[in-house]
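I opened the model to look up a few contacts. My notes follow in the order I took them.

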Amino acid sequence: MQHVYVENLRDHVGSVVTLKGWLYNRRSKGKIHFLQLRDGTGIVQVVMVAGQVPQEQFEAASSLGQESSIIVRGLVKEDARAQGGYEIDGQDLVIVSPAHDYPIQKKEHGPDFLLDHRHLWLRSRKQVALMRVRSAVIFALRSFFDRRGFVNMDAPIFTPNACEGTSTLFAVDYFEETAYLTQSGQLYGEAGAMALGKIYTFGPTFRAEKSKTRRHLTEFWMLEPEVAYADLNDIMRLAEDMLSEVVAEVLARRAPELEILERDTSSLKRVQAPFPRVTYDEAAKILAEEGTGFVYGNDLGAPDETAISKRFDRPVMVTHWPADIKAFYMKRDPADPTKVLGCDVIAPDGYGEIIGGSQREDDLALLEQRIAHEKLPKEAFEWYLDLRRYGSVPHAGFGLGLERLVAWISGTEHVRECIPFPRTIYRMRP
RNA sequence: UCCCCGAUAGCUCAAUCGGCAGAGCGAGCGACUGUUAAUCGCUAGGUUGUUGGUUCGAUUCCAACUCGGGGAGCCA
């Protein structure tokens, strides 16, 4: 007798197996119970017929509440009438722990109620599928970088100062000194690239901005590759290869989950490098035609990003941004010093900016000027300037927002469902 | 910080012009041998977010507050 998972039932047709899980739903009709057992890998229907199981088990099942933990032994059968194609002829039922009045019903709920019950909401069919997609995305990203010889070298989460000097940071008491939760691992990633050639950091990132949109979290996961001896074009190719391979792998490995999530995969199948590229100036022309109210010189707003992405059938790369609206470490374009060698990748279907990257300023004097111009505390950046004093090389990298990527691939409206326990401006419980 | 919207049973929502607080689901009890959010019958379930105002009378109109949702800005 072996304990099998629902996702492997096809290998056990005709055998008697033991399944361990929770009661997802029960439909009882007189002398027959239909128990839907979920175990995290899937849901299967268990049929219990009176007279074919011990009488006390049949009666116990008739009052069994949703999410009761149960162990079932039964015969695996193929049955066209069952969802998923397989069914269990129940022979024995053990109630591990009965549950009553489970708060989340099999009906629609509002976001407030569901987020208050996030610890239980995670058991729902779509949320399970979403977490499995998220896990597959992370695995695909890590294996992509591993295949290409990158070393995972994570950045610290406590930092002594702002990385980019713009966003509002979360301050914490650090032994009578103020520390901040990191908003980016990039500067540390640059140190790693000078040590190891090509690295990526992957960890939680914190922004204390009071953003209230479906694309924002105060705590999110960011993956940031950084490559020595690389220019803007190198990391643009890296970004489009990464997205293409990750999307293909998730399509191949998580098709059932994407179906549960009702994701139309036809647009994902078109996600293949190379991606269309437009400069900021070209994007501004498109926006003038579209009449979005875009003002030249500003950053792209969410409606601007959507208008541009609608012109193409795959992610779009926008390059050569005005230096004034970008971070101090981005390298100026030699052909036009008002622009920087930066690149944002905009996902289709209104999911917005999923990647922001650039070639980094590698000239010590120019970087010192930029730090002075931005009125940043130079002493805090001395270690960073050392990277230019001792063997500076052209280098580049980007940051990928994991939850935005997962939201796009899974077709989820809001990024808060794409992380197990979302942290937003008005919500940090449970 | 700004703009818009919302709060009524455990959940999702309704309540006409300001006039007795309603339904479905869930829960409890009962019926049913193929249900797919099963169906059918019965029962219980309410300080209408809080405070104040207008009124003979407020779930309904007004104000403030609290909590939440969507968006802007900022960003991934």
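Which backbone nitrogen lies 2.8 Å from a polar atom of the side chain of Q57? I looked it up in what is a predicted model: the backbone nitrogen belongs to L93.

Entry on Q57. I placed Q57 in helix α1, residues 55–61. Q57 counts as buried because its relative accessible area is 13%, under the 20% cut-off. Leaving out residues up to four places away in sequence, I found Q57 touching M48, Q91, D92 and L93. I also checked Q57 against R148: the two are 91 residues apart in sequence, and their C-alpha atoms are 56 Å apart in space.

Entry on the surroundings of RNA strand B. I noted 49 residues around RNA strand B, and the closest are N25, R27, Q105, K106 and R207. The residues of this surface divide into 21 charged, 15 polar and 13 nonpolar. I listed the elements that each supply at least two residues of the surface; among them are β1 (16–29), α2 (111–116), β11 (219–228) and α10 (302–309). On the RNA side, sugar or phosphate accounts for 47% of the strand B atoms within 4 Å of the protein, and bases for the rest.

Entry on single polar contacts with RNA strand B. For E87, I read 2.4 Å between a polar side-chain atom and a base nitrogen of the strand. For G30, a polar backbone atom is 3.1 Å from a base nitrogen of the strand. For E353, a polar backbone atom is 2.4 Å from a sugar or linking oxygen of the strand. I noted that β16 (352–359) also supplies at least two residues of the surface near RNA strand B.

Definitions and conventions
Residues are numbered from 1 along each chain as its sequence is written. Chains are lettered from A and ligands numbered from 1 in the order in which they are written. This is a predicted model: local features need pLDDT of at least 70, side-chain atom pairs count only at pLDDT 80 or more; totals for chains, interfaces and linings use all residues. Side-chain values use heavy atoms; hydrogens and water are left out. A residue is near a molecule or strand if one of its heavy atoms lies within 4 Å of it. A polar contact is a pair of N or O atoms within 3.5 Å; within protein, one must be able to donate a hydrogen and the other to accept it, and residues adjacent in sequence count only if both atoms are side-chain atoms. Helices (H or I, at least four residues) and strands (E, at least two) are DSSP runs, numbered from the N terminus. Ala, Val, Leu, Ile, Met, Phe, Trp, Tyr, Cys and Pro count as nonpolar, Asp, Glu, Lys and Arg as charged, and the others, Gly among them, as polar. Buried means under 20% relative accessible area, exposed over 50%, partly exposed in between (1.4 Å probe, protein chains only). Contact means heavy atoms within 4.5 Å.
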